[in-house]
Amino acid sequence: IVCVQSNHLKNILEKDSQVAQYYEVFLPQSPTEPCLLHEGGYWCELTVHTNSLRHTMAVITFHPQELSPEELHVQKETVKEFFIKGPGAVCDLTSPDFQESRTCFSHHQSTYQLLFGEPHIFKDLLGLKVCISPDAFFQINTAGAEMLYWIVGKLSAVNSNTILLDICCGTGVISLPLDQLHRRSLGFRWWGRQWRMLGRLQPTMASPALSFILVKQRRFCQGC
């Protein structure tokens, strides 16, 4: 395993790097240890999203181990205090979320708890305004994602007769930017929460040519 400090990464925003660096400041102050792969610990992943308005969502994943509900509450309040009144306040987080996960690096079974602020932020993607929730899939490097999706649309040679199948579609952030290039999109998703998030998307995301189907992708692929 090779670990690279966030301030050495050139493909992420400065604001994202700032949040990561202050999270690193917080970890030694906590009486509970970071979660190292296969070696136990408590504090797991940190995921950061920042939009063009510098609104920032930070999702912290925590493995509770054998902590009691009271002890777990103390951990949440500690990290909350750090980012409200402590050194981390300089990050000016818009939407900090805390996730309890009994299995580090696996999130489907776990809920997200908003520590303070707004439950969502919005990001622009190729003219679309996308609602970002803590469990939503969205590329952190938005500019890179825009270039990638544009190239995919160009190389795939889709046209007005094309029906696009978007497997593991989430809220459709890959197929929606290509919407104007093809006749229809079918998005397949087995996990319902992100699918229901469609009701919270901005009007610019609406498309009569896009349909979402809740299904287990493995079964779908086996039937192909």
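**A walk through a predicted protein model**

Of the 224 residues in this protein, 42% are buried. Keep in mind as you look around that this is a predicted model, so let us begin with the overall plan and then ask how confident the predictor was, because pLDDT is its confidence in each residue, from 0 to 100.

The secondary structure consists of five helices and nine strands. If you trace the chain from the N terminus, you will meet these elements in the order α-β-β-α-β-β-β-β-α-β-β-α-β-α. How do distant parts of the sequence come together? Among contacts between residues at least 6 apart in sequence, 54% join residues at least 24 apart. On the outside, the protein exposes about 12700 Å², and carbon and sulfur atoms supply 56% of that area.

Now for confidence. The average pLDDT of the protein is 79, and 73% of the residues score at least 70. Which elements mark the two ends of the range? Helix H2, residues 69–84, has the highest mean pLDDT, at 96, while helix H4, residues 192–196, has the lowest, at 48. Over residues 194–206 the pLDDT is below 50, and this stretch has 29 contacts in the model beyond near neighbours in sequence.

Next, find His-49, which sits in strand E1, residues 43–50. Is His-49 buried or exposed? His-49 counts as buried because its relative accessibility is 4%, and the cut-off for buried is under 20%. Leaving aside residues up to four places away in sequence, His-49 touches Asp-16, His-55, Thr-56, Met-57, Ile-121, Lys-123, Ile-132, Phe-138 and Ile-140. Take Asp-16 from that list: Asp-16 and His-49 are 33 residues apart in sequence, yet their C-alpha atoms are 6.9 Å apart in space.

Two cysteines are worth a visit as well. Cys-91 is buried, because its relative accessible area is 0%. Cys-131 also counts as buried, because its relative accessibility is 3%. How many disulfides does a search of the whole structure find? The search finds zero.

Finally, turn to the surface. Which residues make a nonpolar patch there? Met-147, Trp-150, Ile-151 and Leu-155 make one of about 460 Å². To locate the patch, look for helix H3, residues 142–155, where Trp-150 is found.

Key. Residues numbered from 1 in each chain as written. Predicted model: local features only at pLDDT ≥ 70, side-chain atom pairs only at ≥ 80, totals over all residues. Heavy atoms only, no water. Helix = DSSP H or I, 4+ residues; strand = E, 2+ residues; numbered from the N terminus. Contact = heavy atoms within 4.5 Å. Patch = residues over 30% accessible without salt bridge, like charges linked within 9 Å, V, L, I, M, F, W, Y side chains within 5 Å. Areas by Shrake-Rupley, 256 points an atom, 1.4 Å probe, with all protein chains shown as cover. Salt bridge = Lys/Arg side-chain N within 4 Å of Asp/Glu carboxyl O. Buried < 20%, exposed > 50% of the residue type's maximum accessible area, 1.4 Å probe, protein only. Disulfide = S-S within 2.5 Å.
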